[in-house]
Amino acid sequence: MKKALKETLRFLLAIAACMILTTGIKIALDGCWLVLLPLDGKVASVTVAYPSLSPEEKEVSDAEDVQRCVNMLNTLKYDVFKTSTDSAEPLVTYTYHLKDGTDMVVAANNDTVFYRGKQHVLKEKAVFVNVTEGLFFLEEAGQS
């Protein structure tokens, strides 16, 4: 009985070690996700601002568009091995208005994401800004 328990624990430990190693490699290669993001169904509306293209903010309250804004947060993977010294201002700012009455702000420029008072170097440069421009500010981008 003791031998079977030891073998089972050894097997579970090996699986846990493999999972941790695989996750570490994945984060090192692809970047780390922002943590403590709103889960599906917790966002009531989103305000999107892109001041260099439009002085007006876009208010998104349609369920499908809100879901699209929440899904866009997945493009903000950052490099855990680099520290941001970016002094440039964010190009786009998303303000997520949660159903509990609180707001969560995520901003980014082409190289950096600003979240919870910290700056992180983006792994995939300019993707978030370009997608925002294409989804919400296409007319304004064509005029400039």
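Trainee: How many residues does helix 1 have, and what does it reach from its first C-alpha to its last?

Mentor: Happy to start there, with the reminder that this is a predicted model. Helix 1 runs over residues 2–30, which is 29 residues. From first C-alpha to last it reaches 42 Å, close to the 42 Å expected at 1.5 Å a residue. Just after helix 1 comes glycine 31, with a positive phi near 105 degrees.

Trainee: Let's turn to the rings. How is a pair of aromatic rings described?

Mentor: Two quantities do the job: the distance of the centres and the angle of the planes. Searching the whole structure gives four aromatic pairs. One of them joins tyrosine 50 and phenylalanine 137, with 5.6 Å centre to centre and 75 degrees between the planes, an edge-to-face arrangement.

Trainee: Where in the chain do tyrosine 50 and phenylalanine 137 lie?

Mentor: In distant parts of the chain, 87 residues apart. Tyrosine 50 sits in the loop between strand 1 (43–49) and strand 2 (58–60), while phenylalanine 137 belongs to the loop between helix 3 (127–136) and helix 4 (138–143).

Trainee: Is tyrosine 50 buried or exposed?

Mentor: The cut-off to keep in mind is that buried means under 20% relative accessible area. Tyrosine 50 has 6% relative accessibility, so this residue counts as buried. Phenylalanine 137 counts as buried too, at 0%.

Trainee: Why is the pair of tyrosine 94 and phenylalanine 136 edge-to-face?

Mentor: Look at the angle: planes over 60 degrees apart count as edge-to-face. Here the planes stand at 70 degrees, with the ring centres 6.4 Å apart, so the pair is edge-to-face. This pair also links distant parts of the chain, since tyrosine 94 is in strand 3 (residues 92–98) and phenylalanine 136 is in helix 3, 42 residues apart. Tyrosine 94 is buried at 0% relative accessibility, and phenylalanine 136 is buried at 14%.

Trainee: Which residues form one aromatic cluster?

Mentor: Tyr94 and Phe136 are joined there by Tyr96 and Phe128.

Trainee: One last residue, please. Where does serine 54 lie, and what does its side chain reach?

Mentor: Serine 54 is in the loop between strand 1 and strand 2, the loop that also holds tyrosine 50. The side chain of serine 54 reaches the backbone oxygen of glutamate 56 at 3.2 Å. Serine 54 has a relative accessible area of 6%, so this residue is buried.

Trainee: Which residues is serine 54 in contact with, leaving aside neighbours within four places in sequence?

Mentor: Those are Phe137 and Glu140. You have met Phe137 already, as the ring partner of tyrosine 50.

Conventions: Residues are numbered from 1 along each chain as its sequence is written. This is a predicted model: local features need pLDDT of at least 70, side-chain atom pairs count only at pLDDT 80 or more; totals for chains, interfaces and linings use all residues. Side-chain values use heavy atoms; hydrogens and water are left out. Rings of Phe, Tyr and Trp (its six-membered ring) pair if their centres lie within 6.5 Å; planes under 30 degrees apart count as stacked, over 60 as edge-to-face and the rest as tilted. Helices (H or I, at least four residues) and strands (E, at least two) are DSSP runs, numbered from the N terminus. Buried means under 20% relative accessible area, exposed over 50%, partly exposed in between (1.4 Å probe, protein chains only). A polar contact is a pair of N or O atoms within 3.5 Å; within protein, one must be able to donate a hydrogen and the other to accept it, and residues adjacent in sequence count only if both atoms are side-chain atoms. Contact means heavy atoms within 4.5 Å. The expected span of a helix is 1.5 Å times one less than its number of residues.
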